[in-house]
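These are my notebook entries on a structure that I went through element by element. I kept to helix packing, strand pairing, backbone geometry and cysteines.

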Amino acid sequence: MKNFLLILALCIFSNASFANDAAQKMAIEAQSFYDAQNYNDAAKTYETLIETGKYAPEIFYNLGNAYFKNGDLPKAVLNYHRAEYFMPNDPELVANLKFAYEKAGLEFADKNLVKKIAFSISEERWVIFAVGGYIFATALILGGVLAPRFRSGLFKTASIPVGIALLASFGILQWESRYKSNEQIFLIDSVTKFAPIETSNEHFSIPAGTIVKTTQKQNSNWIEIELNGETGWVEKSTCLPVAFWR
Amino acid sequence: MGKQRLNRKQSHQIDMKKNLALSIIALSASVFGWEAKLSVEPTVARVGEPLTITLTLQDGKNFARPNQIAVDGIRTGPFNSQSSQTSWVNGKTTRSFSLSCQAIADKAGDFTIPLSYTHDGETRDLQASLKILESNDSALNDLNKMFFAKFSASSDSVYLQEPIDFEIEIFTVRGAEITNQIGLDNLPESGFDEFKWESVGAEERVVDGEIYIVRRLRCRTRAITAGTFDFNPQISVQVVTENRRRSRDPFDDFFGARTQTQTLQLPIDKTVLTVLPLPQENKPANFSEGVGDFDFQVQNIPSKVLQGDPITVRMIVRGNGNLQNIKVPVFESNRSVKSYETSRIQLTQNEAVFEQILMINDPDLKELPAREFSWFDPQSQSYKTVTRGPFPITVEPNESAQAQIVSENIAVKTKTEILGEDILYLKSLPQNWKNANESSWFRKPAFFAILPLPAIFAALIAFLVKKNQAQNSDVSEKRKREAAKNSNPALKAAESAAKSNDPQTFYTEIWSFITRYFSAKLKLGAGEISEIKLNQALETSGLEKETLNDFRKTIQICELSRYGGTPKSSTEEMNSILATINIVIKHCERKLK
């Protein structure tokens with residue numbers, strides 16, 4: 001039985017390792033296309049790599065670069081935004097994203113202070129902070145319970161990790177809200193309609209590369225989006241979800 | 001009765017026409033002074049049918065009665081019936097005065113009724129036309145001749161989206177009566193836009209020598225699917241007939257219950273319509289989806305504009321066709337011009353008006369590009385294109401206008417910030433790959449299962465430690481718990497004494513063990529241990545009687561040893577006592593916790 005479990009663990013590990021190796025090879029191939037200024041093939045190779053189910057923020061960033069160099073600014077913006085979900089404060093990413101916005105003639109929307117703080121750290125890090133704060137606070141409280149002589153000091157100290165855990169929980173909620181809004185990007189200039197039918201009156205236009213939130217309303221062909229407090233209907237084929245991995 | 005209904009209907013029609021005539025007269029009278037009009041109702045009649053000749057006068061006072069009219073073949077009476085009416089036309093109140101006479105035709109033919117009327121020294125020569133038919137009522141016996149309908153289309157073939165008119169004419173022989181309720185069914189359910197029928201009035205018409213009241217319904221629609229369509233509509237009317245069954249209720253006569261309606265399906269000929277697809281050959285790239293005959297105009301482009309100021313360009317399409325589907329050639333955004341969405345602000349039967357907001361950001365722009373509008377003309381069966389522009393324009397620089405935003409809905413940056421010349425290079429290969437099919441570690445159920453463990457673990461530790469502390473703080477409880485452990489050395493010593501066959505030491509140690517163990521277990525002082533108390537405690541705890549008797553004997557021997565000298569005991573006897581002691585301890589450890 002022990003041998004069987006060992007063999008199973010080795011198989012799983014070797015499969016994962018093999019998949020990662022294959023992904024690494026494709027990433028290297030894409031990078032060589034990029035270095036050879038063959039940006040079209042570089043983008044295609046990165047896309048193929050992502051289609052295999054493997055992804056990483058660095059790959060989104062590099063794919064954004066390939067699209068940017070190939071002149072496809074909306075897709076460059078899309079992939080920089082995908083990378084932003086995992087490394088929001090990466091200075092190179094922020095610089096390239098702003099530059100892509102600049103080139104596309106789009107406004108780089110400044111977030112309010114709350115969102116700025118929440119999205120300055122990835123959701124994974126917020127979770128680590130929250131769990132760390134929670135464990136540390138639990139340990140301090142336990143110490144206070146067990147050592148009455150130091151109870152007051154330990155309980156007061158525990159308020160720091162409790163605060164960190166609460167702040168991190170708020171950050172996690174903000175990220176969850178962002179995921180829930182199912183951000184979409186428009187790859188072509190589009191026009192929203194007042195109702196989800198072809199003959200409906202046009203409402204407002206959306207330039208290619210714009211990121212919008214969605215409401216929960218949708219049907220098989222149409223989806224309701226929200227931009228600057230206005231809502232309108234667009235055909236699903238005109239936009240792509242940013243966070244596809246969830 | 002039939003005649004009465006006919007006369008009621010005729011008088012109603014006469015009233016309607018009279019009102020129309022009055023309105024026309026009122027309009028013209030306001031320009032030319034007093035006016036007069038001569039009319040006859042009905043305009044088509046049979047020999048012997050009553051006629052009414054009416055002279056309508058307006059915008060004057062003290063009108064005199066005209067002389068009796070004399071026409072060969074028509075007998076007329078004097079103008080002895082008069083009425084007046086006040087109307088309000090173009091903000092002016094006018095009064096009209098009508099004089100009528102009855103007439104009857106003696107022979108068939110086309111007649112012109114003349115009347116020369118003089119008022120305030122001014123004479124007007126008036127006349128009215130009349131058609132008289134021979135007396136003949138044979139058609140009234142054949143329902144299919146009394147009531148029938150005609151369905152027609154404006155064309156037998158149209159192009160997709162081309163407007164087409166359908167008309168239904170419902171013929172009712174004069175003298176017969178139908179209600180306004182008309183049923184229309186069996187039209188194609190798909191392939192056409194909505195059928196919206198509207199009444200376009202009624203008129204008298206002579207068909208095969210019979211006089212009919214013809215009600216006309218018209219509908220304009222457009223084909224949205226190519227193909228051949230059979231139009232075989234089912235038209236039904238409600239015919240008013242006399243109720244032949246005599247009612248016993250006298251009120252029925254008073255309230256007109258002697259009539260009833262019957263539904264009648266009208267015979268109609270089938271019509272076939274062919275809908276042709278638009279030709280793909282020579283179809284312009286910027287085809288507007290318009291089918292018909294149109295003109296296109298671009299208006300409201302100023303010759304001079306301030307940089308960044310929004311201008312509203314108006315594009316107008318006029319003509320006949322599917323204006324509701326038209327797409328106008330909008331101005332597109334580029335480096336010099338930012339354009340916003342186009343909205344249709346007006347749509348009438350012959351005109352569609354669109355507006356588009358433009359914002360010109362380039363002070364060097366000299367003209368706005370020409371706009372081409374293309375449509376398909378079914379008459380010439382070809383695509384047509386009209387070009388408007390280019391539109392010369394002078395843009396005056398405006399430094400302060402850089403950040404104007406026309407619509408908040410548009411995600412467009414109006415003032416740019418130069419960030420750099422190029423993007424930064426690629427990132428190195430990732431160390432940690434994620435799998436799209438797998439959730440992040442913090443979304444997995446295992447994570448949520450583990451999450452409460454630190455708190456549970458801490459609570460458990462706290463509970464155990466606290467419990468331990470509580471136990472240690474009670475000395476008697478601790479003694480009780482550790483009674484066996486603390487008394488054990490005496491028992492060991494007794495075992496050794498038994499082995500070495502030393503009864504005195506044996507009984508001394510056994511007694512020592514009993515006092516230590518039971519004083520701790522029963523929370524008593526060492527001096528308080530007695531046979532009675534032990535017996536009571538062990539009996540209460542449920543110790544077997546035999547064992548209890550053995551134990552009592554052991555106590556008695558120990559006491560004897562202590563006070564009356566050590567009894568002689570063999571090793572077997574001492575081992576038997578040890579066995580009894582062990583049974584009792586086991587029992588007490590189980591029962592006296």
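Before looking up bridge partners I fixed the term: two strands pair if DSSP finds at least two bridges between them. I also noted at the outset that this is a predicted model.

**Entry: a hairpin in chain B**

I began with strand β13 (residues 198-207) of chain B and strand β14 (residues 210-222) of chain B, and found that they pair in the antiparallel sense over eight bridges. Looking for the bridge partner of B:Glu198 in β14(B), I arrived at B:Arg218. I then turned to the hairpin of β13(B) and β14(B), where two residues lie between the strands and where B:Asp208 takes a positive phi near 50°.

**Entry: the sheet with β2, β8 and β7**

Next I asked in which order the three strands of the open sheet in chain B are arranged. The order that I read is β2-β8-β7, and the pairing in this sheet is mixed. The edge strands are β2 (44-46) and β7 (109-119) of chain B, each of which pairs on one side only. From one strand to the next, the twist averages 35°.

I looked up the pairing of β7(B) with strand β8 (residues 122-133) of chain B separately, and noted that eleven bridges join these strands, which run antiparallel. Opposite B:Leu115 I found B:Leu126, which belongs to β8(B).

**Entry: β18 and its neighbours**

For strand β18 (residues 271-276) of chain B, I wanted to know which residues make up the covered face and which the uncovered one. The covered face consists of B:Thr271, B:Leu273 and B:Val275, whereas B:Val272, B:Thr274 and B:Leu276 form the uncovered face.

I then followed the pairing of β18(B) with two other strands. Strand β10 (residues 157-159) of chain B runs parallel to β18(B) and is joined to it by three bridges, and the bridge partner of B:Ser157 in β18(B) is B:Thr274. Strand β15 (residues 227-231) of chain B, by contrast, pairs with β18(B) in the antiparallel sense over five bridges, and here B:Asp230 stands opposite B:Val272. I noted that these two partners in β18(B), B:Thr274 and B:Val272, are both listed on the uncovered face.

**Entry: helix pairs in chain A**

Two packed helices are described by the angle between their axes and the distance between the axes, and I recorded each pair accordingly.

The axes of helix α7 (residues 123-146) of chain A and helix α8 (residues 151-180) of chain A come within 7 Å and cross at roughly 160°. Since angles over 145 degrees count as roughly antiparallel, I therefore entered α7(A) and α8(A) as roughly antiparallel to each other. The crossing in which α7(A) passes α8(A) is left-handed. I sorted the residues of this contact by class and obtained 22 nonpolar, six polar and three charged.

For helix α3 (residues 57-69) of chain A and helix α5 (residues 91-104) of chain A, I found a packing angle of about 30° and axes 11 Å apart. The relevant limit is 35 degrees, under which angles count as roughly parallel, so α3(A) is roughly parallel to α5(A). Here too I read a left-handed crossing, with α3(A) passing α5(A).

**Entry: backbone geometry in loops of chain B**

I looked up two cis peptide bonds. The bond from B:Glu41 to B:Pro42 is cis, with omega near -10°, and B:Pro42 is located in the loop between β1 (35-41) and β2 of chain B. The bond from B:Gly389 to B:Pro390 is also cis, with omega near 5°, and I placed B:Pro390 in the loop between β26 (382-388) and β27 (391-392) of chain B.

I then turned to positive phi values at residues other than glycine. B:Asn186 has a positive phi of about 70° and is found in the loop between β12 (177-185) and β13 of chain B. Is B:Asn186 buried, partly exposed or exposed? Its relative accessibility is 40%, so B:Asn186 counts as partly exposed. B:Gln381, in the loop between β25 (371-377) and β26 of chain B, has a positive phi of about 55°. At 52% relative accessibility, B:Gln381 counts as exposed, because the cut-off for that class is over 50%.

**Entry: cysteines**

Finally I asked how many disulfides the structure holds over all chains. The count is zero. I checked the accessibility of two cysteines: B:Cys101 is buried, with a relative accessible area of 2%, and B:Cys558 counts as buried at 0% relative accessibility.

Definitions and conventions:
Residues are numbered from 1 along each chain as its sequence is written. Chains are lettered from A and ligands numbered from 1 in the order in which they are written. This is a predicted model: local features need pLDDT of at least 70, side-chain atom pairs count only at pLDDT 80 or more; totals for chains, interfaces and linings use all residues. Side-chain values use heavy atoms; hydrogens and water are left out. A disulfide is a pair of cysteine sulfur atoms within 2.5 Å. Buried means under 20% relative accessible area, exposed over 50%, partly exposed in between (1.4 Å probe, protein chains only). Helices (H or I, at least four residues) and strands (E, at least two) are DSSP runs, numbered from the N terminus. Axes are lines fitted to C-alpha atoms, for helices over the stretch in contact, and angles run from 0 to 180 degrees between N-to-C directions. Angles under 35 degrees count as roughly parallel, over 145 as roughly antiparallel, 65 to 115 as roughly perpendicular and the rest as oblique. A crossing is left-handed if the near helix is turned anticlockwise from the far one by less than a right angle, and right-handed if clockwise. Ala, Val, Leu, Ile, Met, Phe, Trp, Tyr, Cys and Pro count as nonpolar, Asp, Glu, Lys and Arg as charged, and the others, Gly among them, as polar.
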